[in-house]
Amino acid sequence: GEDGATRHLVEKSLRDFRRAGVDRDEATRARVRALREELVRIGQEFGRNIKDDVRRLALEPAALEGVPEDWRRAHPPGADGKVTVTTDNTDYVPFMTYARSGEAREGLWRLYRLRGHPRNLDVLSRMLARRAELARVLGYPSWAAYVTEDKMIGSAEAAGEFVEKIARAAEARMRRDYAQLLARKQRDAPGATRVEPWDSAWLQERIKAEQYGFDSQSVRPYFEYGRVKDGVLDVTGRLFGIAYRRVDAPVWHPEVEAYDVVEGETLLGRVYLDMHPREGKYKHYAQFTLASGQKDVRLPEGVLVCNFPRPTPGAPALMEHGDVKTFFHEFGHLLHHVLGGHTR
């Protein structure tokens, strides 16, 4: 007899109780608790091993041919005359996209995929073993069955069917695109029989420029970080009828910005922007919850953690078009958290 939101909460809560082993004996519940806690620690260890393992590749300046001029200025040669390129995304993505040297791209590609190795081999083994045990203890046939149950996909079978459906739908276009990349590569290397993974981004850029008249580097000056940030705030503000007010709030790093989100004079929540790379920071792009909102109890607070180029005096931080899309995408998660964080 309750409303839909209440019924949904009850159904979800009962499901999560069962997934935590509430209907099992105390020994099983204790083991489930221990396994879930250990899996959290293992996941954190896995991510930390990658995050902290920044690899570096020393290259002759000639290997930078093709990369944007502002990127070159930010990477002057060292005392040995070589330029150091890291596996951080702010280095990796532009270099793999624009550097003409296939040998240099291959070197960086391989380094990027060695992050966390060999340390994470043991971590992965422990993770797989604990996942399998947790599923088994709770009566699931596999970890896949357990982990998909509370997701939109609903089941391991549905996930497998979805992957196959997408693969079938995309195969013809994939083969056509791959043939286009290979044909472009064969212009430079007539004997080439395959497109290596470190070639793909560079070849795509060449095809876009040569066949479609679009040069990604030509649009970068329009995507200076400060302008992009202002644009995201302006567009989303107009789209949702809200505004962002910069506030002097406690933050964990001087670069972090805090904004109150308001609708007229009504305070909806607060967002934090942690947008540039630094030592020891999360390496990717994501939105995290700082506080879950509850109607008449507390306001939602969310954090955007990204690794976009950092503006410096006299050197604008130019973003890739893909970076701009990522900014909008992740900011959408942030807005979802704030605007949706007012249920009872």
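**A walk through the pockets and the surface**

Helix 1 gives the most to the lining of the second largest pocket, supplying five residues. That's a handy place to start, and keep in mind as you look around that this is a predicted model. The second largest pocket holds about 410 Å³ of space, and 13 residues line it. If you want to find its centre, look for Leu-9, Gly-293, Gly-340, Thr-343 and Arg-344, which lie nearest to it. As for the character of this lining, nine of its residues are polar, two are nonpolar and two are charged.

Stay with helix 1 for a moment. The helix covers residues 4-19, and Val-10 is part of it. Val-10 also belongs to a nonpolar patch on the surface, together with Leu-14, Phe-17 and Val-22. Taken together, these four have about 390 Å² of accessible area. Is Val-10 itself buried or exposed? The answer sits in the middle: because its relative accessible area is 43%, Val-10 counts as partly exposed.

Now for the largest pocket. How do you spot a pocket at all? Rolling a probe the size of a water molecule over the atoms shows where empty space is left. Here, the largest pocket comes to about 740 Å³ of space. Its lining takes in 32 residues, and the closest to its centre are Ala-74, His-75, Thr-90, Asp-91 and Pro-309.

Which parts of the fold supply this lining? Helix 3 (69-73), strand 2 (83-86) and helix 4 (89-98) each put in at least two residues. Helix 4 has the largest share, with five residues. Sorted by character, the lining of the largest pocket has 13 nonpolar residues, 12 charged ones and seven polar ones.

Two spots in the backbone are worth a stop before you go. One is the peptide bond from His-117 to Pro-118, which is cis, with omega near 5 degrees. To find Pro-118, go to the loop that runs between helix 5 (102-112) and helix 6 (119-137).

The other spot is Asp-296, in the loop between strand 6 (286-291) and strand 7 (301-305). Phi of Asp-296 is near 65 degrees, so here you have a positive value in a residue other than glycine. Why does Asp-296 count as exposed? Because its relative accessibility is 77%, and the cut-off for exposed is over 50%.

Terms used:
Residues are numbered from 1 along each chain as its sequence is written. This is a predicted model: local features need pLDDT of at least 70, side-chain atom pairs count only at pLDDT 80 or more; totals for chains, interfaces and linings use all residues. Side-chain values use heavy atoms; hydrogens and water are left out. Patches are made of residues with over 30% relative accessible area and no salt bridge: like charges are joined within 9 Å, nonpolar side chains (Val, Leu, Ile, Met, Phe, Trp, Tyr) within 5 Å. Accessible areas come from the Shrake-Rupley method with a 1.4 Å probe; for residues, only the protein chains shown count as cover. A salt bridge is a side-chain nitrogen of Lys or Arg within 4 Å of a carboxyl oxygen of Asp or Glu. Helices (H or I, at least four residues) and strands (E, at least two) are DSSP runs, numbered from the N terminus. Buried means under 20% relative accessible area, exposed over 50%, partly exposed in between (1.4 Å probe, protein chains only). On a 1 Å grid over the protein atoms alone, a cavity is a set of points where a 1.4 Å probe fits but cannot get out, and a pocket is an open set with protein on both sides within 12 Å along at least five of seven lines; lining residues have an atom within 4 Å of a point. Grid points are joined across faces, edges and corners, and a volume is the space filled by probe spheres set on the points. Ala, Val, Leu, Ile, Met, Phe, Trp, Tyr, Cys and Pro count as nonpolar, Asp, Glu, Lys and Arg as charged, and the others, Gly among them, as polar.
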